[in-house]
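Visitor: I am new to this structure and would like to look closely at one part of it rather than at the whole. Please choose a residue to begin with, and lead me step by step from there to what surrounds it.

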Amino acid sequence: MTARNGRLGWSDVTPKAHWLNRRQIIGAAAAALAAPGLALPGRARAATYPKSVFSTDAQPTSLEDITSYNNFYEFGLGKEDPARYAGALTVDPWSVQIDGLVDKPGTWDLAEVLNGAPLEERIYRFRCVEAWSMVIPWVGFELSWLLNRVGVQPGAKYVAFETLLRPEEMPGQQTAILDWPYREGLRLDEAMHPLTILATGLYGEEMPKQNGAPIRLVVPWKYGFKSIKSIVRISLVAEQPETTWKQQNFREYGFYSNVNPEVDHPRWSQASERVIGAGLFGGRQDTLMFNGYADQVASLYAGQDLRKDY
Ligand SMILES: Nc1nc2c(c(=O)[nH]1)N[C@H]1C(S)=C(S)[C@@H](COP(=O)(O)O)O[C@H]1N2
Ligand SMILES: [Mo]
């Protein structure tokens with residue numbers, strides 16, 4: 001992972017049809033703004049955000065693949081279920097409860113959460129525990145920015161997250177495939193790490209519902225299930241919180257779940273991964289320690305046995 005100096009820019013690596021489409025949208029939006037009395041169309045939110053030195057220079061997966069091959073069990077077990085059913089999810093209004101060991105607990109409207117947020121584009125590798133991967137151009141901000149705003153108290157050691165519980169709109173929640181609501185957690189130092197973001201969009205547009213609208217976590221060095229979607233609650237706590245997949249099967253899904261090619265899943269190897277969208281041939285690559293972010297995060301785990309703390 002390197003700074004992007006001297007490398008191809010986003011427009012160079014974005015699939016061209018989509019980029020042209022984005023430019024047309026931006027052009028239309030600018031025209032609408034320039035013409036008094038013309039309303040800005042709802043979807044014309046595409047915008048460019050500052051590039052981050054944390055972005056990978058790897059080729060982003062297409063928007064089509066990122067939004068049609070998803071895991072979001074609230075909408076079903078199939079990869080195509082979220083794109084089919086998540087449209088029913090109401091994401092406006094949306095509020096986020098922030099509680100526990102913080103100076104300013106409360107329930108904030110999403111607009112208040114995002115007020116002043118330093119949004120950036122973060123092109124991250126994304127590795128699912130099922131041994132497939134993508135490269136996703138998120139839009140988001142560092143979780144630490146929000147935690148610093150609400151004031152983390154000294155006793156806090158972990159951060160717990162919860163997804164919305166609304167079975168009327170989420171058919172998967174009408175079944176017992178998981179213990180709802182979906183819950184995740186990070187150690188406080190992981191949560192405060194600059195790579196850890198709350199994402200509100202991808203490809204320069206607001207977050208598609210199937211990807212976890214309106215706000216979701218992204219922790220690029222951990223298996224994808226840690227990156228919890230559609231967050232309604234963030235709690236600062238003293239003890240390691242219960243998390244959905246660990247509760248489901250603690251032997252297969254540990255609390256840490258750092259991407260690690262040397263620690264296999266009990267039922268399959270984690271040494272390599274299927275690259276989504278890479279075509280019929282040559283679609284596998286070796287999995288990297290901490291998903292390629294070892295330089296940035298390995299020090300968080302100094303002195304820990306990663307086979308034990310899987
Ligand atoms: N609430 C919730 N968050 C979730 C999931 C889920 O089922 N429910 N699936 C996880 C898994 S297993 C993965 S791989 C990623 C998938 O994110 P994507 O669909 O945006 O690629 O979301 C994670 N976050
Ligand atoms: Mo996953």
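Guide: The model is a predicted one, and a good place to begin is aspartate 99, which counts as buried because its relative accessible area is 12%, where buried means under 20%. Aspartate 99 has a charged partner in arginine 233, with which it forms a salt bridge whose closest N and O atoms are 2.9 Å apart. This pair brings together distant parts of the chain, since aspartate 99 belongs to strand β1 (residues 95-100) and arginine 233 to strand β10, with their positions 134 residues apart in the numbering. Arginine 233 counts as partly exposed, because its relative accessibility is 29%.

The salt bridge just described is one of 13 in the structure, and two others can be set beside it. Lysine 226 forms a salt bridge with glutamate 184, and here the closest N and O atoms are 2.7 Å apart. That pair too links distant parts of the chain, with lysine 226 in the loop between β9 and β10 and glutamate 184 in strand β6 (residues 183-187), 42 residues apart. Both lysine 226 and glutamate 184 are buried.

In another salt bridge, the side chains of glutamate 252 and arginine 267 meet at 2.7 Å, N to O. Glutamate 252 and arginine 267 both lie in the loop between α8 (244-248) and β11 (272-275), so this pair ties together parts that are 15 residues apart in sequence. Glutamate 252 counts as buried because its relative accessible area is 12%, whereas arginine 267, at 55%, is exposed. To return to the starting point, salt bridges with shared partners join Asp99 and Arg233 with Glu162 in one network.

From here it helps to follow the loop that holds lysine 226. Serine 227 also lies in the loop between β9 (216-218) and β10 (231-237), and serine 227 counts as buried because its relative accessibility is 3%. Beyond its neighbours within four places in sequence, serine 227 is in contact with Phe126, Arg216, Leu217, Val218 and Val219. Lysine 229 has its place in the loop between β9 and β10 as well, and lysine 229 is likewise counted as buried, because its relative accessibility is 8%. With neighbours within four places in sequence again left aside, the contacts of lysine 229 include Asn70, Thr163, Asn211 and Arg216, and its side chain reaches the backbone oxygen of glutamine 210 at 2.9 Å.

Serine 227 and lysine 229 also appear in a record: in an unreviewed entry, UniProt lists them under "binding site", together with Asn70, Tyr73, Glu74, Cys128, Thr163, Asn211, Arg216 and Ile228. From this set, the lining of the second largest pocket takes in Asn70, Tyr73, Glu74, Cys128, Thr163, Asn211, Arg216, Ser227, Ile228 and Lys229.

One more step leads to the nonpolar interior, by way of Leu217, one of the contacts of serine 227. In the largest nonpolar core, which has 70 residues, Leu217 is among those that touch the most other members, along with Trp138, Phe161, Leu198, Trp221 and Ile234. Strand β4 (residues 132-142) gives the most to this core, with five residues. Leucine 198, for its part, touches residues including Val139, Phe141, Leu217, Ile231 and Ile234, when residues up to four places away in sequence are not counted.

Technical notes. Residues numbered from 1 in each chain as written. Chains lettered and ligands numbered in written order. Predicted model: local features only at pLDDT ≥ 70, side-chain atom pairs only at ≥ 80, totals over all residues. Heavy atoms only, no water. UniProt positions renumbered as here; feature names shortened; annotations may be inferred. 1 Å grid on protein atoms, 1.4 Å probe; cavity = no way out; pocket = protein on both sides within 12 Å on 5 of 7 lines; lining within 4 Å. Helix = DSSP H or I, 4+ residues; strand = E, 2+ residues; numbered from the N terminus. Buried < 20%, exposed > 50% of the residue type's maximum accessible area, 1.4 Å probe, protein only. Contact = heavy atoms within 4.5 Å. Polar contact = N/O pair within 3.5 Å; in protein donor to acceptor, adjacent residues only side chain to side chain. Core = buried A, V, L, I, M, F, W, Y, C linked by side-chain atoms within 4.5 Å. Salt bridge = Lys/Arg side-chain N within 4 Å of Asp/Glu carboxyl O.
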